[in-house]
Amino acid sequence: MRRPTGKAMSDSREAAMERERDFLFASLADLEAEHEAGDLDEADFVELRSHYVARAADSIRALEAAAAEPSVAESGASAPDGIGPSAGRQRAAGKRGARSWGRAVLWASVIALTATLAGVALADFSGSRGAGDQITGDIRESVRSRLFDAREAMGDQDLDRAIAIYDDVLTDEPSNAEALAYRGWLTNLAGDPLPARDFVEEAVAADSSFPDARVFAASLALAAGEPLVAGDHLDALDRIDSPAFISQLVEAQQLDLRVAEAAGPAAVSLVAPVLEGAAYDPAEIPVRHVSAAADHLAATGRIDDGLALFSAMLASSGDDPDVLVALAWFLARASVGVEAGMTTARSYLDAVIEADPGRPDALVYRALVRLQLEDRQGAAADLAAYDALEVVRRDLDRLLVETGLRDVLAQ
């Protein structure tokens with residue numbers, strides 16, 4: 001296990017304050033989980049929660065003050081709106097608001113939520129189930145106690161002590177996902193992003209459903225110039241039953257928006273050989289990355305190139321349901337108001353659902369297509385079938401909110 005030494009952070013003052021704020025909120029969520037699990041009595045819980053909330057409020061005020069100071073404007077133009085509502089994160093690119101204002105409002109909302117609901121929204125935070133749950137007896141209690149001590153040390157900004165505690169936990173449990181994830185993020189704060197990624201990737205490998213690790217992994221991958229990898233982690237996060245706090249953390253950092261802005265161009269570069277006539281190989285380029293490239297091409301006025309990508313995928317993987325679903329949804333968004341295009345999209349979705357009636361994305365997309373074809377009854381049936389699956393698909397849930405499908409069908 002590598003043990004990088006701390007060094008002076010090279011990040012800007014504002015970035016450092018943002019990271020401090022993020023850790024304070026992570027500590028708050030873990031505190032709620034410890035209380036919910038019965039590992040923290042009421043008096044200590046109230047005292048510590050008040051401490052963290054106060055520190056988080058101070059952090060927010062410091063960030064607001066920093067945002068008010070003259071600074072160099074962020075560069076980069078917004079991406080075009082595209083061709084319609086998208087299930088991918090590309091739909092968010094180009095809709096990025098004023099960064100400092102948006103973050104301040106969101107984090108203020110989280111503070112209010114934490115203070116008023118007393119853990120209702122955060123009680124199931126994943127920090128309550130670290131790898132200590134995999135063992136029993138005194139060792140488990142010792143690990144849980146040490147993990148709590150580490151979070152408390154972070155709340156006190158004693159990062160060296162927190163690192164030492166996590167190292168101690170990892171000596172006993174080398175695969176403790178929580179210790180690995182937070183040891184990695186603290187390493188990143190110390191200015192060592194490469195070993196930080198090693199720790200976080202080990203955390204993901206140890207527990208692929210640990211949402212904290214996914215958020216950290218996405219952030220570090222994006223910072224390393226790998227937006228497609230970051231997008232993969234966010235896609236995985238959408239399929240994890242994590243508390244609302246995790247989504248709020250992603251939104252407050254605008255992580256999904258920043259990943260969407262970078263992932264489109266990166267995906268187009270990745271599929272350049274296919275656009276130039278090379279055969280598509282799903283073993284080399286995942287369908288989701290080709291779909292992201294097609295979305296970006298369409299959003300920049302190159303719909304024909306997007307369709308060319310799908311033609312290449314059909315030529316080599318025409319029986320792959322992932323290809324058929326992605327193509328159908330691309331056609332549906334490109335054919336708003338065009339019955340022939342919508343009918344073609346529906347035919348692909350019909351074939352996928354006939355083979356797999358419980359495929360969530362196909363059901364949601366077909367519901368939207370059916371509504372465009374004025375088949376309200378069919379749309380309602382598909383939506384009911386999706387709801388009956390009771391799967392965790394926050395990407396699809398966001399799409400349903402964005403399109404207002406539930407409200408339309410309720411009228």
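This section describes the nonpolar cores, ring pairs, salt bridges and unusual backbone angles of a predicted model.

The packing of the interior is a good place to begin. The largest nonpolar core comprises 50 residues, and Leu309, Val364, Tyr365 and Leu405 have the most contacts inside it. Helix 15, spanning residues 321-334, supplies the largest share of this core, with 10 residues. Leucine 405 can be followed in more detail: leaving aside residues up to four places away in sequence, its contacts are Ala367, Leu368, Leu371, Leu383 and Leu400. A second core, separate from the one just described, has 30 residues, among them Ala150, Trp185, Leu189 and Val204.

Aromatic rings come next. Five aromatic pairs were found in a search of the whole structure. In one of them, tyrosine 166 and tyrosine 182 are stacked, with 6.4 Å from centre to centre and 20 degrees between the planes. This pair links distant parts of the chain, since tyrosine 166 belongs to helix 5 (residues 159-172) and tyrosine 182 to helix 6 (residues 177-189), 16 residues apart. Tyrosine 166 has a relative accessible area of 0% and is therefore buried; tyrosine 182, at 1%, is buried too. Tyrosine 182 also pairs with phenylalanine 216, and here the planes stand at 90 degrees with the ring centres 5.1 Å apart, so the arrangement is edge-to-face. That second pair again links distant parts of the chain, joining helix 6 to phenylalanine 216 in helix 8 (residues 211-223), 34 residues apart. Phenylalanine 216 is buried as well, because its relative accessible area is 7%, under the 20% cut-off. Ring pairs bring Tyr166, Tyr182, Trp185 and Phe216 together in a cluster, and Trp185 is also a member of the second nonpolar core.

Charged side chains add further links between helices. Side chains of opposite charge can pair when their charged atoms come close. The whole structure contains 21 salt bridges. One of these joins arginine 151 and glutamate 178, at 2.3 Å from N to O. Because arginine 151 lies in helix 4 (residues 137-155) and glutamate 178 in helix 6, the bridge ties together parts that are 27 residues apart in sequence. Both arginine 151 and glutamate 178 are buried. Helix 6 takes part in another bridge through arginine 183, which pairs with aspartate 167 of helix 5 and so ties together parts 16 residues apart in sequence. The closest N and O atoms of arginine 183 and aspartate 167 are 2.7 Å apart, and both residues are buried.

A further salt bridge forms between arginine 366 and aspartate 350, whose closest N and O atoms are 2.8 Å apart. Arginine 366 sits in helix 17 (residues 360-372) and aspartate 350 in helix 16 (residues 339-355), 16 residues apart. Arginine 366 is buried at 10% relative accessible area, whereas aspartate 350 is partly exposed at 26%. Both residues belong to a network of salt bridges that also links Arg346, Arg370, Asp375 and Asp382.

Two loop residues deserve a look for their backbone angles. Glutamine 254 is not a glycine, yet its phi is positive, at about 55 degrees. Glutamine 254 occupies the loop between helix 10 (244-252) and helix 11 (255-270), and with 8% relative accessibility it counts as buried. Glutamate 390, likewise a residue other than glycine, has a positive phi near 55 degrees. Glutamate 390 lies in the loop between helix 18 (376-389) and helix 19 (394-403), where its relative accessibility of 71% makes it exposed.

How values were computed. Residues numbered from 1 in each chain as written. Predicted model: local features only at pLDDT ≥ 70, side-chain atom pairs only at ≥ 80, totals over all residues. Heavy atoms only, no water. Core = buried A, V, L, I, M, F, W, Y, C linked by side-chain atoms within 4.5 Å. Buried < 20%, exposed > 50% of the residue type's maximum accessible area, 1.4 Å probe, protein only. Helix = DSSP H or I, 4+ residues; strand = E, 2+ residues; numbered from the N terminus. Contact = heavy atoms within 4.5 Å. Phe/Tyr/Trp six-rings, centres within 6.5 Å; stacked < 30°, edge-to-face > 60°. Salt bridge = Lys/Arg side-chain N within 4 Å of Asp/Glu carboxyl O.
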